[in-house]
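Here is a friendly walk through one protein model, meant for someone seeing it for the first time. Take a moment with the sequence and the picture, and then read on.

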Amino acid sequence: MRCFYNLLVYLAAPFALLLQLWRGLRDPSYREGLGERFGLGPALAGPTIWIHAVSVGEVQAAEPLVRRLLARHPQYQLVLTTVTPTGAARARQLLGDRVQLRFVPFDLPGSVRRFFDRVQPKLAMILETELWPNLYAECGRRRVPLVLASARMSPRSVGRYRLLVPVFRRALSYGIVIAAQSEADAERFRSIGAVGPRTQVTGNIKFDFQPPPDVESRGRQWRAQNAASRPVWVAGSTHDGEEAMVLDAHRRVLERFPDALLLLVPRHPQRFDAVRELLAKRGVCFASRSTDAAILPATTVMLGDTMGELMMFYAAADVALVAGSLVPIGGHNLLEPASLGRPVLTGPHNFNSEEIAQLLLDAGAARIVTDPAELAQAVAELLGSATRRDSMGAAGRAVLDANRGALDRLLRLVEPLLE
């Protein structure tokens, strides 16, 4: 089965490379690090800790872990790998040159060996769940402890993984430590071959997220300068198809609040032009953040076409929609606006973080909307009630406070492996 898997990976590799190059025609960032995807890159001197965070959400969750490891173990260099250019860009913003940033190699045996030869990790940590048999096997072959941090496996995924048990069972038996988000996740890992004693429940380190210390003051300042007396709501991390739904909802919101301002923040920078064209085609009076254009009384939408400012926009708004959930993307980080005490709206597709979504829903901190009409109604109700906004915001902060501590529990598992 392992040989068959490697055959499939070798056959898929040229298509994966062509996909990167094709994406690079529209977004040059996809052409970055092509050599790293085949395990190339400069060799590092001295011991390293390797952390893999697939994209923006995982990079954000990894930040406090990275800071704690750098503070406690300064003798180690820290290597952070990601898959997406947006994840890499976010890592640069958050961590600068404190980490060695690379793209994770394709799961080809040769690429993986070259990566390990150059990085020489003493410990490998993979956030959430990225199951790569050759990466895992190389950790085992080189006796590199591997930790799956905040590991999760959805009920939808476990069936697919069971089909690949002959491949993954060997990888999971190499002494991997699985720090699962919940007991249900831990049991699903055990069901596909994870070793019971090394599978523990530590929780989700996303709950240990702390907003930047100055983000609320920056949000207040932006609001005072641009929309001091206007109701403001934000649609964060939107995807294709969602902007049209959000604009339909905003048109309805304007019927009740004619001076309402929407902060529309697409997830991926390569879509900024397309969203700009959509706004122009609809005849929307909008301002672009990238040009620092003035927000006039007639401006109804501000396009957030910059990177790294979403938290500030959450802080500047009265109500936050976390997108990637109105269409079946799986949703994005609901805890970001919740950490700022903002009422959270989300679509029905939250399978990337089902438990977080359910906790916020059960606490009354979040509300599900399924279409533009429901979204408009929810936004209008919240814009019209400061009491309701405060109640939902306080509930969201309480959820975070009640679930913190996963990072400490994870470090208690990791540090004996370093010693």
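Aspartate 185 and arginine 188 sit three residues apart in helix α8 (residues 183-191), so about one helical turn separates them. In this predicted model, the two side chains form a salt bridge, and their closest N and O atoms are 3.4 Å apart. Aspartate 185 is buried, with a relative accessible area of 3%.

That pair belongs to a wider set: the count of salt bridges comes to 25. Two further examples join parts that lie in separate elements. Glutamate 243 and arginine 271 meet through their side chains at 2.7 Å, N to O. Glutamate 243 lies in helix α10 (residues 242-256), while arginine 271 lies in the loop between β9 (261-266) and α11 (272-281), so this salt bridge ties together parts that are 28 residues apart in sequence. Are these two partners buried or exposed? Glutamate 243 counts as buried at 2% relative accessibility, and arginine 271 counts as buried too, at 17%.

The side chains of glutamate 381 and arginine 367 make another salt bridge, at 2.8 Å from N to O. Here the partners come from helix α15 (residues 372-383) and strand β14 (residues 366-368), so the bridge ties together parts that are 14 residues apart in sequence. Glutamate 381 is partly exposed, with a relative accessible area of 27%, and arginine 367 is also partly exposed, at 22%.

The table puts the three pairs side by side.

| Acidic residue | Basic residue | N to O distance |
|---|---|---|
| Aspartate 185 | Arginine 188 | 3.4 Å |
| Glutamate 243 | Arginine 271 | 2.7 Å |
| Glutamate 381 | Arginine 367 | 2.8 Å |

Salt bridges can also link up into a network, as they do for Asp117, Glu138, Arg141 and Arg142.

Next, let us turn to the strands. In what order do the strands of the seven-stranded open sheet lie? The order is β3-β2-β1-β4-β5-β6-β7, with parallel pairing. At the edges are β3 (100-103) and β7 (199-201), each of which pairs on one side only. From one strand to the next, the twist averages 20°. Within this sheet, β1 (residues 48-52) and β4 (residues 121-127) run parallel and are joined by five bridges. To find this pairing in the picture, look for threonine 48, which stands opposite proline 121 in β4.

Helices lie across this sheet. Helix α3 (residues 85-95) lies across β2 (77-82) and β3, and runs at about 175° to β3. Helix α8, home of the aspartate 185 and arginine 188 pair, lies across β5 (146-151), β6 (177-180) and β7, running at about 170° to β7.

Another pair of strands to look for is β8 and β9, which run parallel and are joined by six bridges. Valine 232 has leucine 261 as its bridge partner in β9. Seven of the seven residues of β8 are buried, so this strand is largely enclosed by the rest of the structure.

What about the nonpolar side chains? In soluble globular proteins, nonpolar side chains tend to be buried together. The largest nonpolar core here has 36 residues, and Trp222, Val234, Leu263, Phe313, Tyr314 and Leu360 touch the most other members. Elements that each supply at least two residues of this core include α9 (215-226), β8 (232-238), β9, α12 (310-316) and α16 (386-403). Which element gives the largest share of this core? Helix α12 does, with seven residues. Leucine 263 shows how the surroundings come together: leaving aside neighbours within four places in sequence, this residue is in contact with Trp222, Val232, Trp233, Val234, Ala235, Met302 and Phe313. There is also a second, separate core of 31 residues, which includes Ala149, Ala179, Ile205 and Ala406.

Finally, how many disulfides does the structure hold? The number is zero. Cysteine 3 has as its nearest cysteine sulfur that of cysteine 139, which is 20 Å away. A disulfide needs the two sulfur atoms within 2.5 Å, so cysteine 3 is in no disulfide. Cysteine 3 is exposed, with a relative accessible area of 66%, whereas cysteine 285 counts as partly exposed at 35%.

Notes. Residues numbered from 1 in each chain as written. Predicted model: local features only at pLDDT ≥ 70, side-chain atom pairs only at ≥ 80, totals over all residues. Heavy atoms only, no water. Buried < 20%, exposed > 50% of the residue type's maximum accessible area, 1.4 Å probe, protein only. Salt bridge = Lys/Arg side-chain N within 4 Å of Asp/Glu carboxyl O. Helix = DSSP H or I, 4+ residues; strand = E, 2+ residues; numbered from the N terminus. Pairing = 2+ DSSP bridges. Axes fitted to C-alpha atoms, helices over the stretch in contact; angles between N-to-C directions. Contact = heavy atoms within 4.5 Å. Core = buried A, V, L, I, M, F, W, Y, C linked by side-chain atoms within 4.5 Å.
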